[in-house]
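I sat down with this one to look up strands, helices and charged pairs. My notes follow, in the order I took them.

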Amino acid sequence: MTEYDVTGMSCAACAAHIEKAVSAVPGVSSCAVSLMTNSMTVEGDAPDSEVVKAVKKAGYGASPRGAKNAKGAGKAEDAGSEVRPAVARLATSAAVLAVLMYFSMGLMHGWLPSALADRYAVVGVIELILSAAVMVINQKFFINGFRSLFRGGATMDTLVALGSSASFCYSVYALFRVLLASDGEQAMLYAGQFWFESAAMILVLISVGKLLEAISKGRATDALKGLMALSPPTALKIVGGEEVEVPLEELLAGDLFAVRPGSRFPADGEVVEGGGAVDESALTGESVPVDKLPGDRVSAGTTNSSGYFVCRARSVGADTALAGIIKTVADASASKAPAQRIADKVSGVFVPVVMGIALVTFAVWMIVGRGFAFSIERAVSVLVISCPCALGLATPVAITVGSGKGAKNGILFKTAEALENTGKTEIVALDKTGTITKGEPAVVRIEPANGVSLSELLEAACAVEEPSEHPLARAIVAKCREEGVEPPASTDFRSEPGVGVSCVIDGKTVRGGKLSAISAFAAIPGEDAASAERAARDGVTVSAFCSDGRYLGYIGLADEIRPDGAKAVAELRGMGIRPVMITGDNADTARAIAAQAGIDEVIAGVLLNEKEKTVRELKAQGRVAMVGDGVNDAPALTSADTGIAVGTGMDVAVDASAVVIMNDRLTDVPAAIRLSRATLRDIRQNLFWAFFYNIIGIPLAAGAFIAAFGWELDPMFGAAAMSVSSFCVVMNALRLNLVDIRSAKRDRPIKSRKAKTDTEKKGPETMKKTLKIEGMMCPHCEMNVKNALEALDGVEEAAVSHVSGTAEVTLTSDVADGVLADAVTAKGYKVLGVE
């Protein structure tokens, strides 16, 4: 996948035109253009030069991401480069327009000096010059608009240029009639048809709208720009034991660098000397600083709250975690959500349809005898009120704000589709170990036998477990030291698989292990055995101890649930989502942990290779989000409708997921769903406004309500409405920044799909086929294959996994293996077989 910066776009029709042009280039398998970020992603093996050439031929500029210039179109645009010249153009245009309006309104209302009061031709020439000046200042509308029209890709600029030109040309015609008038009364009649101010006002009002849009688009990407600003421009590199301030680009992996209090870390690294508290809120959303000591890892962009650090750089530049987050947010902003497809289809044909409506409007009013002036006014109103920008921005601006909001709170949505689909979740499948629980054992119970003191039991346990590397042994030793117990001197340590461990203390053999194993060396009172059995049923692992045949007691250990586990589950329930725990543990242990977390539904005894199948079975009952953190969770994460990985988990789980939780809070799962729902709500509102505006505005401009209500729209008001529409859409999306994604006060249950019956699941109307595919490397590859297969008639759903290299296709009718294989091959992947 190659990314490009694109220049010269003004509306959604521009983006659609570029997509069409680039998609026609040989070797391009897919193309997506983002009006929001002025960027384009292209997949395939087409050379950059051919892609850039296609964009340039379409009338725009493009350069591979990172290049300084967009060839043929000047420097790449950003929010600042759009705003500054736009302000200058608008200020100049408005000043000229003010003078023009003085002459125009003065001629109508008699404000002009007596020397000009009846000089209609002179005033007309002055208005022509002033109007032409405004048109020259805003010539980009005419250059881009007519160039796009002549190249077969009309855009919003085309509508503006046609509307302004029509007003100007008709005014010139009226001016000639004034010059040729036989008397003052006839001259005054034609002078009343001067629309020079309309031609200029249309351009000024559209410029106001584009300026507001550029400013609000810049605000929409504030989160992304804030992340970019986290990386310091310089670093304190340690050279020969001395601190030397160098540009960040000169810091290389393996170099030592220092960070003073209040400064940001310039690279990912490991603390070598010093220590203190580090504020990681910019990356994880966690407001409490984290203490770091030698050996701990630090991340670029985090802030040294206190202390002095000397660190060794591990990852620098584009390889840091911060750079990865920035890329993920940027990719999500540039990608397209499913909700955008309808808007894109409409935007692609919108401008030609509007031009057709304008022509029909003109013809109809001419036929009914309202005259040329009235008919052209109605046609111009249709041209200038129509707004494809609102449609084109409705989804991407909400996605950009939503993904940025998530990044600031430690939640990364990898694609726009992930951000949209997360909010539709009906079932959340949670892996137990490391997700619901902390993933490491801890002592939860200490039960000395009758006549044995707590210190005696702990000393024996600490002595026999201290040499062991087993996780349970480490937990026991840690608890003993927490209680102030140090292990007595011991000898002859032994570890016997299936039996336990033993050592000799002061000539006595001390043993530790399972209760059943210890019972072979010491008599265990019935009361103690019953207590241990009850603990085991509660999910506690029992380690019993004895000394020379004397039973000392047992220590119970368990993988405790996360502190916020029960709260996260309760929030999910409050959102109408069904939590399900999936684990390979036995049913008793699983039920005990589930009860602590507040989960009613448990699927226990699931083997490592069965999690994906379990998730697929749950998908038959509703949209599933799988939450996990381990290598064995990766296939299930990919199979789910939405895979959510805990960022502190294994890299393969993070790679296989669509959403990444950057910190250790399980409550970020409902927070992610909450943010997605708010974004979905915002998208729906934007799309409604965009469609409603055009559905009402175009007939109003065409004069459809004149006969019934006498409503007639002046072209200037049409231009004003067009300017406001895009601004409203962007400002509505910015409201997402006000959403408290961690508050459950406004949570509402969603309507869940009913679980399918056995007949529906196994009925003869559906069948499945599995394709073995080579070449898929990432979730983007999965999405390419998924879209290609689901576009085929007879394919209901395609579950694709780049981890397992498979695509399981659900069919409503028989589709030939060759047809399925061809669809995948066309996207650049190799099909090894179909089962």
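Ground rule before the first entry: I call two strands paired if DSSP finds at least two bridges between them. I also kept in mind that this is a predicted model.

**Entry 1, strand β25.** I started with β25, residues 767-774, and asked which strands it pairs with. One is β27 (residues 806-811), joined to β25 by six antiparallel bridges. In that pairing I found T770 opposite E808. Strand β28 (residues 830-834) is also antiparallel to β25, with four bridges. There, E774 has K830 as its bridge partner.

**Entry 2, the N-terminal sheet.** I traced four strands in an open, antiparallel sheet, ordered β2-β3-β1-β4. The edges are β2 (28-34) and β4 (61-64); each has a single partner strand, so one side of each lacks a neighbour in the sheet. Neighbouring strands are turned by 25° against each other on average, direction ignored. I checked β1 (residues 2-7) against β4 and got four antiparallel bridges, with V6 partnered by A62. Two helices lie across these strands. Helix α1 (residues 12-23) crosses β1, β2 and β3, at about 165° to β2. Helix α2 (residues 48-57) lies across β1, β2, β3 and β4, at about 160° to β4.

**Entry 3, the six-stranded sheet.** Here I read the order β14-β19-β18-β17-β16-β15, again open and antiparallel. Strands β14 (437-448) and β15 (491-496) are the edges, each pairing on one side only. The average turn between neighbouring strands is 20°, direction ignored. Inside the sheet, β17 (residues 508-513) and β18 (residues 541-547) share four antiparallel bridges, and V510 has S547 as its bridge partner.

**Entry 4, helix α24.** Which residues of α24 (residues 611-619) are buried? I noted K611, E612, T614, V615, L618 and K619. Looking down the axis, I saw these buried residues fall within an arc of 160°, so they line one face of the helix. What do they pack against? The partners are β13, β20, β21, β22, α25 and β26.

**Entry 5, K237.** I found K237 in strand β5 (residues 234-239). Is K237 buried or exposed? The relative accessible area is 19%, and since buried means under 20%, K237 counts as buried. Leaving out residues up to four places away in sequence, K237 touches several residues, including E242, E243, E250 and D255. The C-alpha atoms of K237 and R312 are 9.8 Å apart, though 75 residues separate the two along the chain.

**Entry 6, salt bridges.** How many salt bridges does a search of the whole structure find? I got 25. I wrote up a few of them.

- E420 and K424 meet at 3.1 Å, N to O. E420 is buried at 4% relative accessibility, while K424 is partly exposed at 24%.
- E456 and R550 have their closest N and O atoms 2.7 Å apart. This pair links distant parts of the chain, helix α18 and strand β19, 94 residues apart. E456 is partly exposed at 29%, and R550 is partly exposed at 37%.
- R573 and D600 meet at 3.1 Å, N to O. R573 is in helix α22 and D600 in the loop between α23 and β21, 27 residues apart. R573 is partly exposed at 36%, whereas D600 is exposed at 67%.

Last jotting: E270, R297 and R314 are linked in a network of salt bridges.

How values were computed: Residues numbered from 1 in each chain as written. Predicted model: local features only at pLDDT ≥ 70, side-chain atom pairs only at ≥ 80, totals over all residues. Heavy atoms only, no water. Buried < 20%, exposed > 50% of the residue type's maximum accessible area, 1.4 Å probe, protein only. Arc of directions from axis to C-beta. Contact = heavy atoms within 4.5 Å. Axes fitted to C-alpha atoms, helices over the stretch in contact; angles between N-to-C directions. Salt bridge = Lys/Arg side-chain N within 4 Å of Asp/Glu carboxyl O.
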